[in-house]
Structures are given as C-alpha cells and as structure tokens.
2 protein chains.
Amino acid sequence: MVDPAERRLLLAEAVLRVMRRDGLEQASVRNVAREAGLSMGSLRHYFASQSELMVFAFRTVIDRIELRLAGLEPEPDPRRRAQRVLNELLPLDDERRAENEVWLAFTSRAMVDPALRALRDEGYDALRAGCHTIVADLSAAGLAPTDVPAEAERLHALLDGLAVHAAMRPDIHTAESLTTAIARHLDALATEPAPRDASDRG
Amino acid sequence: MVDPAERRLLLAEAVLRVMRRDGLEQASVRNVAREAGLSMGSLRHYFASQSELMVFAFRTVIDRIELRLAGLEPEPDPRRRAQRVLNELLPLDDERRAENEVWLAFTSRAMVDPALRALRDEGYDALRAGCHTIVADLSAAGLAPTDVPAEAERLHALLDGLAVHAAMRPDIHTAESLTTAIARHLDALATEPAPRDASDRG
DNA sequence: AAGTTTGTAGTACAGCTGTGCTAACAATCA
DNA sequence: TGATTGTTAGCACAGCTGTACTACAAACTT
C-alpha cells in the first residue's frame, strides 16, 4: 500500500511533467494517469475532478517554492540577503525553469479558471510581500529609496518580467544574465536613496 | 460579397473575443465560427486549419500595436517621448487590456506551439528594440545611465512584468498606478547616469 | 472469520474537437 | 447561353475529453 499523500504528490508531479512537455491543455485526466503509470479510475480515487487535480498541482509548486525560501541559511547583510532570496526566485536551474514554465501556464489559465485564481492571487501576494520585505530592509540600511511600496512594486514587476523573458528566451536569459540583471537593479537602488519629488511625473 | 481580407479580420476578432471571454482553449473552430456568425465550413474557407487561424489572430494583435505606435505624434523631448511610447504599450484602457490578456495567452501557448513561437519571438524582439531605442535616446540626453543594453533589458522586463501584473490584478494596477510606475522608473534612470562598477556584483 | 473500507482497473457515455467532404448558391467570364 | 470560380453551409468521421459506474483485490476492523 502506498501513502495516499505521497501518491497525490506523484500525480501532481506527473501533471507538471505533462504540462511542461506538451502544454497545459494536454494535462488531461487520461494523459496524467498514463504519465503516472496509473489507470483513470485510480487517479479519480485520489482526485474527484480534474479541477481538483490541477489546483493540487499548482499548490504543490507554490509549497515547493516557499519551502525552498524557508530553507535559506540566514544572512545578516541585507544586500546579500536580497540577492540570495531573489536568486532563489529566478529560473536559474532546470528545476526552477520547469516551475517557472508551469507558473506561466497556470497564470494564463487562471485568467478564465476561477478555481486557480485564488491560488494565483495567493502566490502573487506572497511574492509582493517578499519584495516589500527585501526593499524595506534595504531602505532601512540606506541601500534603497525611502518609498518602499513603490520600490517593492518595481522590484516585483522586474522579477516577474525577467521570469517571463527567461521562459520565452532561455537561450538569451542565462542564469548569469538573470543574476546580473537583479544585481544591477539592487546596485541602482543603492545609488538613489533620496526620495524624489512626486510633482513632476507624467 | 465581402472582402476576403476583411472577413479574415472579422474572424480574427472573433478569436480574440472568445479567447478573452472564455480562454484560449475555448477558441475552437466551432466556437469562433459561431462567435463570428459563420458556419464551420465558411471559416475553413478562409483558414485551412485552426493553427492558421490562431497565427493570423496573433499577427492581427501585433499589427494593431505597431500601427498604434507608428501613429504617435512626434515628440522631440526624449523623456516625454519615452513616457508616451511606454504608455502606449501598457494596458491602460479596455482595448489594450484585451490585447494584453490575449498576449499573455498566446505567450503561454507559444511555449508548446511552434507555429506561434516565431510570432512571439518577433513581438519580443520588437519590444526589446523599442526599449533599446528609448534608453539610448535618454542616455544620449544624459537622462539614463550609459550602459544602454543593460538598462534596455531592465526597462523591457519592467514593462512586461507590469503588463502581467495588470492582467492578473486589474483592480490593483490601475491606469494611473501603471503610468506612475513607469514615470518613477524613468525618473530613477535620470538620477543615476553614472556607469557603475561591474566588479562587485553578486 | 466476516464485514468494511481503501485502492486499482476497466468500461461506458455524452459531449466536444479538428478536419475532410459534399452540396448549394452567387458572381464572373467565355 | 454554359462553364468556371468563389463563397457559404452542413454533415460525417475518428479521436479525444471529463465523469460516472461497476468489478475485483487487498487491507483493516470488529
């Protein structure tokens, strides 16, 4: 007998493999069951519907990312801590490249699938909060402007933009170029710590 | 009799409507034909395959964006020109919000659909080139750092990141907040025109 | 030991898909 | 006039989809 929770994980991983190889629309109940080496009936024993399976697969990805972040060794220097956390979120190796592609597919699907929307928003909020913390710490150390919410939003957008670009053009956006891009942004934040006048925008 | 080119456009617009309302996977030959008020047979007269229809619909979106950019009135001041071009690329109104959602769906699909990949890369290259031009002009006027390729990449990622965020959370990312975010970035570029030392990154 | 729950498999069903095919109608040209 | 071409419609086909259902074995409970 296999642990049910473990079997659900195996099925979630089968979903992710199929999604990455053939696209989200190929992640049918049949294809996922075959990928996992199970029958349709078995799969349905663990997930009552396809939607449930998809939600669980997405949740698995989110959990994995959060676990990795929580496992980072403590780093007192805010600049180095920022770089490490952000590097952990970028698709620098194959495992995270896969997660990134899956994230993109789920994000797109969540535009029209209410069940996935809540999860997507959860991931969005978590990433936004993480960026806020990073910028707040940098700002407190004089390494970022004082307008923390604005800089957090900018960092968040930059991070997701880089992730999308890396998914689209993995040949151009190598691990090194992504890391460098983030490092450059953090450097730039440190050189403009003075609050700017908000009256001459537009 | 209707102009064939015009009818193809009508069908492409039907694709975009269905995609935005029900998701890309609902943009089947049948649904699109019904949306356009035509029979399946008629649709197939204009597009020999579903792939052809999709590619044409994507191309329509790209053409529309390029047309809008080309129609911008000339603006001598590089800072204001940058802001205007970038505002044109952000999902600030309903029409461009629709385009943005469609772009996201196509981008996701292009991960596994070779026919769309070429178009997606074309759009990516065009946007990248546009960002490069903007930054180069700003840099020449002393309003941006001298490392133009790096800053172009940063601006490009920021732009796409904001677009993704706006698609995910249109309630948070209003037209005003998007415009402000870009304006703030352009301001920030102007305050750090000195080239930075590349040796202490990481 | 009997009964109950849990896991696995297989099948059936209605509904959708893309595509190929045929037929009818309109317009143009010889 | 007849013939050809362009346009619209509709159907048939094979194949896939999610879900419901039954059947059977293994494990656990009482």
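A residue counts as near a molecule or strand if its C-beta atom, placed from the backbone, lies within 6 Å of it. In this predicted model, local features need pLDDT of at least 70 and side-chain atom pairs count only at pLDDT 80 or more, while totals for chains, interfaces and linings use all residues. Residues are numbered from 1 along each chain as its sequence is written, and chains are lettered from A and ligands numbered from 1 in the order in which they are written.

DNA strand C has 21 residues around it, of which Gly41(A), His45(A), Ser28(B), Val29(B) and Gln50(B) come nearest. Helix 3 of chain A gives the largest share of the surface near the strand, 4 residues (helices, H or I, of at least four residues are DSSP runs, numbered from the N terminus). By class, this surface has 8 nonpolar, 10 polar and 3 charged residues; Ala, Val, Leu, Ile, Met, Phe, Trp, Tyr, Cys and Pro count as nonpolar, Asp, Glu, Lys and Arg as charged, and the others, Gly among them, as polar.

The two protein chains also meet each other: 39 residues from chain B and 39 residues from chain A form the contact (C-beta atoms, placed from the backbone, within 7 Å). On the side of chain B that touches chain A, helix 8 of chain B supplies the largest share, 13 residues.

Within chain B, helix 1 (residues 4–22) and helix 4 (residues 50–70) pack at an angle of about 90°, with their axes 9 Å apart; axes are lines fitted to C-alpha atoms, for helices over the stretch in contact, and angles run from 0 to 180 degrees between N-to-C directions. Helix 1 of chain B is therefore roughly perpendicular to helix 4 of chain B (65 to 115 degrees).

Methods:
Helices (H or I, at least four residues) and strands (E, at least two) are DSSP runs, numbered from the N terminus. Angles under 35 degrees count as roughly parallel, over 145 as roughly antiparallel, 65 to 115 as roughly perpendicular and the rest as oblique.
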